[in-house]
Amino acid sequence: MTTEPLLVVNELSTSSVWPASAVSAPGGDLSVAGVSLLELAERYGTPTYVLDEGEVRSRAWARALPEAEIVYAAKAFLCRAVVDWIEEEGLGLDVCSAGELELAATRGFPAERIVLHGNAKSPQDLGTALRLGVGRIVIDSGCEIARLAAQVPAHDAQQVMVRVLPGIEAGAHPKIRTGAEGQKFGLSIANGDAEEAVARILGQPQLELAGLHCHLGSQISSPEPYERAVRELVSFLVRVRDRFGVVLPELDLGGGFAAAYLPGDAAPAPAVYARRIRRALTGACAEADLPLPRLTVEPGRSIMAPAGIALYRVLAVKRSGGRVFVAVDGGMSDNPRPALYGARYTVRRVGRASAAPMRAATVVGRHCEAGDVLADGVELPEDVRPGDVLAVPASGAYQVSMASGYNMTGRPPVVAVADGRSRLLVRRETFDDQRRRDVGL
Ligand code: LLP
């Protein structure tokens, strides 16, 4: 058995798309955290999502920014075991619904380490947050200020932040760019909405303004937009100080740090983002004679994507229009990202070695749409056939969490691997689960 890692990961670019624990195994197999992917496909069926626990716990962000609060964005993927891992690694949790909050609460996650987001928080979201005592609620519109203040019990004060729009365009796709004007998130600095919100919050004794928040977007593969955001936010902190005489103690830069999906993708290591953000922040604060605010970042994808691998079994292979289509037993119901954002993935056959040459193929799902393509233009062995297992790396974030009930195929299970062992975290959704919700007869 060969034991060399698949790719060397350096600090500048975490260009390996496989977890650090991945090693080639005999017979064309791959093992992750000491567990064979072929055995996992056989034991848990397919499609299945595998999560390398050690990779999730790797603490790269905590090491890169020891002075900051690292808040994991639960929307990337959350289940009870992940709540425990995040808690044990000392991170906070970013949630955006009562559901995510309640799940965290089932494990006793410390509420003061939770940040609640949302451009349209429901009464249930706010009620749950106040009942559980979350640390921060991020105000995203003027109309939630009085509504929230009215719900905070007398003699109490809820810590809040204002989500500001710095007017910065960043992120891999228009649907996941949230830092510029003209989309639904945040309060504009440019048109005065952010300042107006600050004034109103400072006028509410039930609310305590802890600081500013921004989230530029997602899959941002350069530290440069964060430096600009730091400068914009620090000049807004100065404006708040000068107009209201208040020095806000916290700055939350959100998430959005890129993960590598294809070998060679630009995905700077946390240490690289951290260095540049720290330098921009200390520089801007020194220039403005402001004390350094406490920094928070909210990585989701960069923690979870590299830890996940999707396993599928090939159901059909066909040629059409000069292309080779390899159809698998999952698709857009467990991974809507290619259809939604044009996301690209790489695919590897595992568990069957052959001398067949590689050829270009299009891996498609089983759903009833021509757009149900998982990975286009990937290289697979020419002899790929029904029954083969395909592994898709960088699958830990926004796949299972966005999985749907389309075509009633059932959402896939999630299996953790660590120290040569596997355990089921989330079981497969069965037909029975689906039928039980159908209560209309
Ligand atoms: N903080 C806030 C306020 C957010 O809205 C998000 C993500 C994050 C942090 C974490 O961002 P990350 O580090 O994971 O990029 N479904 C899309 C991604 C949507 C991201 C939404 N907000 C995708 O599959 O690419």
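Two strands count as paired if DSSP finds at least two bridges between them. The exercises below apply this to a predicted model.

**Exercise 1. The open sheet**

Task: Work out in which order the three strands of the open sheet lie, and which strands stand at the edges.

Solution:
- Step 1. Take the order. The three strands run S1-S2-S3 in an open sheet, with antiparallel pairing.
- Step 2. Find the edges. Strand S1 (23-25) and strand S3 (35-36) each have a single partner strand, so one side of each has no neighbour in the sheet.
- Step 3. Check a pairing against the rule. S2 (residues 29-32) and S3 are antiparallel and are joined by two bridges. The rule asks for at least two.
- Step 4. Name a bridge. Ser31 has Ser36, in S3, as its bridge partner.

**Exercise 2. Two domains and their interface**

Task: Describe how the chain is divided into domains, and what area is buried between domain 1 and domain 2.

Solution:
- Step 1. Set the bounds. Domain 1 covers 7-53 + 306-436, and domain 2 covers 55-305.
- Step 2. Place the domains. Their C-alpha centres are 32 Å apart.
- Step 3. Count the contacts. On the domain 1 side 33 residues touch domain 2, where 30 residues take part.
- Step 4. Give the area. About 2,800 Å² is buried between the two domains, and carbon and sulfur atoms give 61% of it.
- Step 5. Find the main contributors in domain 1. Glu53, Pro306 and Tyr398 lose the most area to domain 2, together 23% of what that side buries.

**Exercise 3. Polar links across the interface**

Task: Find how many salt bridges and how many residue pairs in polar contact link domain 1 and domain 2.

Solution:
- Step 1. Apply the salt-bridge rule, with its cut-off of 4 Å between nitrogen and carboxyl oxygen. One salt bridge is found across the interface.
- Step 2. Look at Glu53 again. Its side chain meets that of Arg57 in a salt bridge, at 2.9 Å from N to O.
- Step 3. Count the polar contacts. There are 16 residue pairs between the domains, both residues at pLDDT 80 or more.
- Step 4. Locate the elements on the domain 1 side. Strand S4 (48-52), helix H12 (337-341), strand S20 (414-418) and strand S21 (421-426) each supply at least two residues.
- Step 5. Sort that side by residue class. It holds 18 nonpolar, nine polar and six charged residues.

**Exercise 4. Backbone details**

Task: State which residues a cis peptide bond joins, and what phi His155 has.

Solution:
- Step 1. The cis bond joins Thr46 and Pro47, with omega about -10°. Pro47 sits in the loop between helix H1 (37-44) and S4.
- Step 2. His155 is not a glycine, yet its phi is positive, about 65°. The loop between helix H7 (143-151) and strand S9 (158-165) holds His155.

Methods: Residues are numbered from 1 along each chain as its sequence is written. This is a predicted model: local features need pLDDT of at least 70, side-chain atom pairs count only at pLDDT 80 or more; totals for chains, interfaces and linings use all residues. Side-chain values use heavy atoms; hydrogens and water are left out. Helices (H or I, at least four residues) and strands (E, at least two) are DSSP runs, numbered from the N terminus. Domain bounds come from an automatic or database domain assignment. Contact means heavy atoms within 4.5 Å. Buried area is the accessible area (1.4 Å probe) that two parts lose on being put together, summed over both. A polar contact is a pair of N or O atoms within 3.5 Å; within protein, one must be able to donate a hydrogen and the other to accept it, and residues adjacent in sequence count only if both atoms are side-chain atoms. Ala, Val, Leu, Ile, Met, Phe, Trp, Tyr, Cys and Pro count as nonpolar, Asp, Glu, Lys and Arg as charged, and the others, Gly among them, as polar.
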